[in-house]
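Trainee: I am new to this structure and would love a close look at one part of it. Could you walk me through a place where two helices pack together, and then show me how the surroundings fit in?

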Amino acid sequence: MAKKVNNEENVEVQEALSKSGQWIIKNQNVLMWCLCGIIAIILAVMAFNNYYLKPKAAAADDEIAKAVVYFAQDNYEAALNGDGADCIGFEAIADEYGITKSGKLAGLYAGICHYNLGDYESAVKYLKKYKADDLNIAPAAAMKTGDALVEMGDTKQAIHYFEKAANSNNEILAPIALKKAGIAYLSLDDKKAAHKAFVKIQKDFPQSSEAQDIDKYIAISE
């Protein structure tokens, strides 16, 4: 009986294999084109990375290094727009190399330069474009966006960015952002929300610089 069952199973397997083989033969042209398409996509991606993206990234790295020198010297005008000679500036780097990591970082630098030069609208435009999950740079960018929005008089939207920075739980930046949010809430006469932000500093970041005089702010917001 067992032998009969095995024979029947073998027949079924052979029939299935036969049908599969017939289907492959029937559709071999379609399968070949699909395979060629997949290979073409893989080759295109490899070519893009090797012959476009990598050289682009290397050039962006070189350009941003020049602009950072001016930034470190507080020469924000030259850092932003270039020196007319060797350095093209953060704005041009962001425009020309925006697809690269350094190009994106140049956009963030451009936003900070605009902020330091008093052009808060342009600062917000560049700062909002920066997208990253980095524990240090992302909350710093969000907080600077909030600072620019405060300068523009848009306190409510500024609070959103301060809280975004605070939610990163960065041990250094989060308490700074919380304090900024609390002060912004006070300016809107929302003492309840301000109190919550100040108490969070006291509770979650007791060793931070912001916690040293936080009792004063908690008392003001009560």
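**Two helices side by side**

Mentor: Happily! Helix α10 (residues 191-204) and helix α11 (residues 214-221) pack with their axes 8 Å apart, at an angle of about 155°. Keep in mind as you look that this is a predicted model. Angles over 145 degrees count as roughly antiparallel, and α10 and α11 are therefore roughly antiparallel to each other. The crossing of these two helices is left-handed.

Now find the residues that make the contact. On the α10 side they are K191, A194, H195, F198, V199, I201 and Q202. On the α11 side, look for I214, D215, Y217, I218, I220 and S221. Sorted by character, the residues of this contact divide into 8 nonpolar, 3 polar and 2 charged.

From here, a neighbouring residue is worth a visit. K179 lies in helix α9, which covers residues 173-187. Leaving aside residues up to four places away in sequence, K179 touches F198, I201, E210, D213 and Y217. You have met some of these names already: F198 and I201 belong to the α10 side of the helix contact, and Y217 to the α11 side. Is K179 buried or exposed? Its relative accessible area is 15%, and buried means under 20%, so K179 counts as buried.

For another local picture, move to helix α2, residues 28-72, where you will find Y70. With a relative accessibility of 21%, Y70 counts as partly exposed, because that class lies between the 20% limit for buried and the 50% limit for exposed. Not counting residues up to four places away in sequence, Y70 touches N75, A78, A79, D83 and C87. One of these partners, D83, is 13 residues from Y70 along the chain, and the C-alpha atoms of the two are separated by 9.1 Å.

Finally, step back to the whole protein. It has 11 helices and 0 strands, so its pattern along the sequence reads α-α-α-α-α-α-α-α-α-α-α. Of its 222 residues, 34% are buried. Among contacts between residues at least 6 apart in sequence, 45% join residues at least 24 apart. The protein exposes about 13900 Å², with carbon and sulfur atoms supplying 57% of that area.

How values were computed
Residues are numbered from 1 along each chain as its sequence is written. This is a predicted model: local features need pLDDT of at least 70, side-chain atom pairs count only at pLDDT 80 or more; totals for chains, interfaces and linings use all residues. Side-chain values use heavy atoms; hydrogens and water are left out. Helices (H or I, at least four residues) and strands (E, at least two) are DSSP runs, numbered from the N terminus. Buried means under 20% relative accessible area, exposed over 50%, partly exposed in between (1.4 Å probe, protein chains only). Contact means heavy atoms within 4.5 Å. Accessible areas come from the Shrake-Rupley method with a 1.4 Å probe; for residues, only the protein chains shown count as cover. Axes are lines fitted to C-alpha atoms, for helices over the stretch in contact, and angles run from 0 to 180 degrees between N-to-C directions. Angles under 35 degrees count as roughly parallel, over 145 as roughly antiparallel, 65 to 115 as roughly perpendicular and the rest as oblique. A crossing is left-handed if the near helix is turned anticlockwise from the far one by less than a right angle, and right-handed if clockwise. Ala, Val, Leu, Ile, Met, Phe, Trp, Tyr, Cys and Pro count as nonpolar, Asp, Glu, Lys and Arg as charged, and the others, Gly among them, as polar.
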